[in-house]
Amino acid sequence: LERFHARQLRVSPHVLGHSKAHVGRVVAELVRAAKAQGLQPGPLALSLRGDFVRIGSAYEQHKVRSPDCFDILVPLRLPPHLEPQPRCADGLGPCGAFLCGLRARDGWIRRCRPFAEGFCVELQGRSHLSSGLVLRWFQGHLQRCLGAVRYRLQERCRVSLSACPGHPPTLHILPCSDYVCCHISMAVRLIPAIPLGDALYLTALPPEGPRGSLAPEALWAPAASCHLKCLQILKGLRDLRRHGLEEPFCSQWGRVLSSYVLKTALFSLLLQGPLEAWDERFLVERLEDLVLYLRDCLRKQVLMDFFLGNTSIPEAMALPRFLKEAAPVNLLSAFDGPTLDLVAFQLISTWIQAPHIIRMYSSPRYLRPVPAP
């Protein structure tokens, strides 16, 4: 397992550092241009706040194989006198979804009508901010700014922006020769986000299932912890095992054992035992615990979201009240029992046969990037 992690999964800190720095510079240029173009947005329009937030596995230190994909939150600014009021969708959307109502201060309800017509939808007699309309505006706004960025960066890299309806736009960065030591073509998903408070956002993500904010790792782990390595190895074994599976189960395997599901299981385990048990020397034991915990969750068909409606979250994590009081969400509810049973069986089989699977699928032929489900 250590050799598998070191040779195939571990991302070089040197290469990752260069990639993150390059992504940061390019995104900063694009956000700066987009903010400059919207410096006079008027009182009834959206605008960019001017900063961005790095999220996802590349920044959480559990990226595997290659630092070629990144996620960036781009905070948006609502018009003055408007405040977001999030609440649970309560059956009006997927499990874990929220609605974003708007509260107008100082009698601005009538004056905000043009904004509501451009960015809101009516639901239960109230105007709610539409993630689809916001996403469409965000895509167009960035596309209009791309020309200035492309000109300023032409000696460093080639950049382009692609957008699929209903999905956040993706910034593609192809470094020029000899500029970045790794020469890796990078894709950066730019996710528009509505700020709700300190490090808390509503994000316009496609309705493929609930997402959540990631807790600071320091809350659960000591300095010499193996928890990130456990997550990386399990993600690596999941991807290798995919090569021996046939459709449609191959796709279901990746969706059931998504990164969000694996991280949720890890968070739950970290809270159960002493932090000292996650020392590096206990890597195999903790990895087996994680596999068995997931197996049990799959058999019971229950893995609850770590943040929504969880009354066991440590007090050190100051979550807003509306998250604490949200209805609990079962991340496995979208899958039928036979599928979850088969995933549980294959997961245990993968763990038992890990050395064989690593040897069998470790040739360059099988190490091409696997598209995310």
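Is Cys 145 buried or exposed? Let us work that out first, then move on to four further exercises.

The model is predicted, so local features need pLDDT of at least 70 and side-chain atom pairs count only at pLDDT 80 or more, while totals for chains, interfaces and linings use all residues. Residues are numbered from 1 along each chain as its sequence is written, and side-chain values use heavy atoms, leaving out hydrogens and water.

**Exercise 1. Classify Cys 145 by its accessibility.**

Step 1: recall the classes, which are buried under 20% relative accessible area, exposed over 50% and partly exposed in between, with a 1.4 Å probe and protein chains only.
Step 2: Cys 145 has 3% relative accessibility, so this residue counts as buried.
Step 3: for context, 48% of the 373 residues of the chain count as buried.

**Exercise 2. Describe helix α5, where Cys 145 is found.**

Step 1: helices (H or I, at least four residues) and strands (E, at least two) are DSSP runs, numbered from the N terminus; the chain has 12 helices and 11 strands.
Step 2: α5 covers residues 131–152, and its 22 residues reach 31 Å from first C-alpha to last, close to the expected 32 Å. The expected span is 1.5 Å times one less than the number of residues.
Step 3: at Leu 146 the helix bends by about 40°, the bend being the angle between axes fitted to the seven residues ending there and the seven starting there.
Step 4: the buried residues of α5 include Trp 137, Phe 138, Cys 145 and Leu 146.

**Exercise 3. Find the aromatic partner of Trp 137.**

Step 1: rings of Phe, Tyr and Trp (its six-membered ring) pair if their centres lie within 6.5 Å; planes under 30 degrees apart are stacked, over 60 edge-to-face and the rest tilted.
Step 2: the whole structure holds six aromatic pairs. In one of them, Phe 119 meets Trp 137 edge-to-face, with 6.2 Å between centres and 80° between planes.
Step 3: Phe 119 sits in helix α4 (residues 113–119) and Trp 137 in α5, so the pair ties together parts that are 18 residues apart in sequence. Both Phe 119 and Trp 137 are buried.

**Exercise 4. Decide whether Cys 230 is in a disulfide, and place its cysteine neighbour.**

Step 1: a disulfide is a pair of cysteine sulfur atoms within 2.5 Å, and the count comes to zero.
Step 2: for Cys 230, the nearest cysteine sulfur is that of Cys 226, 4.1 Å away, and Cys 230 is in no disulfide.
Step 3: Cys 230 is buried at 0% relative accessibility, and Cys 226 is also buried, with a relative accessible area of 0%.
Step 4: Cys 226 lies in the loop between β11 and α6 (227–241). Its contacts (heavy atoms within 4.5 Å) include Trp 278, Glu 280 and Arg 286, not counting residues up to four places away in sequence. Glu 280 is 54 residues from Cys 226 in sequence, yet 4.8 Å away, C-alpha to C-alpha.

**Exercise 5. Name the strands that pair with β10 (residues 186–197), and give their sense.**

Step 1: two strands pair if DSSP finds at least two bridges between them.
Step 2: β3 (residues 69–77) runs parallel to β10 over seven bridges, with Val 74 bridged to Pro 192.
Step 3: β9 (residues 170–175) pairs with β10 in the antiparallel sense over four bridges, and His 172 stands opposite Ala 187.
Step 4: β11 (residues 200–203) is also antiparallel to β10, over four bridges, and Ile 194 has Leu 202 as bridge partner.
Step 5: β10 and β11 form a hairpin with two residues between them, and Ala 199 in the turn has a positive phi of about 55°.
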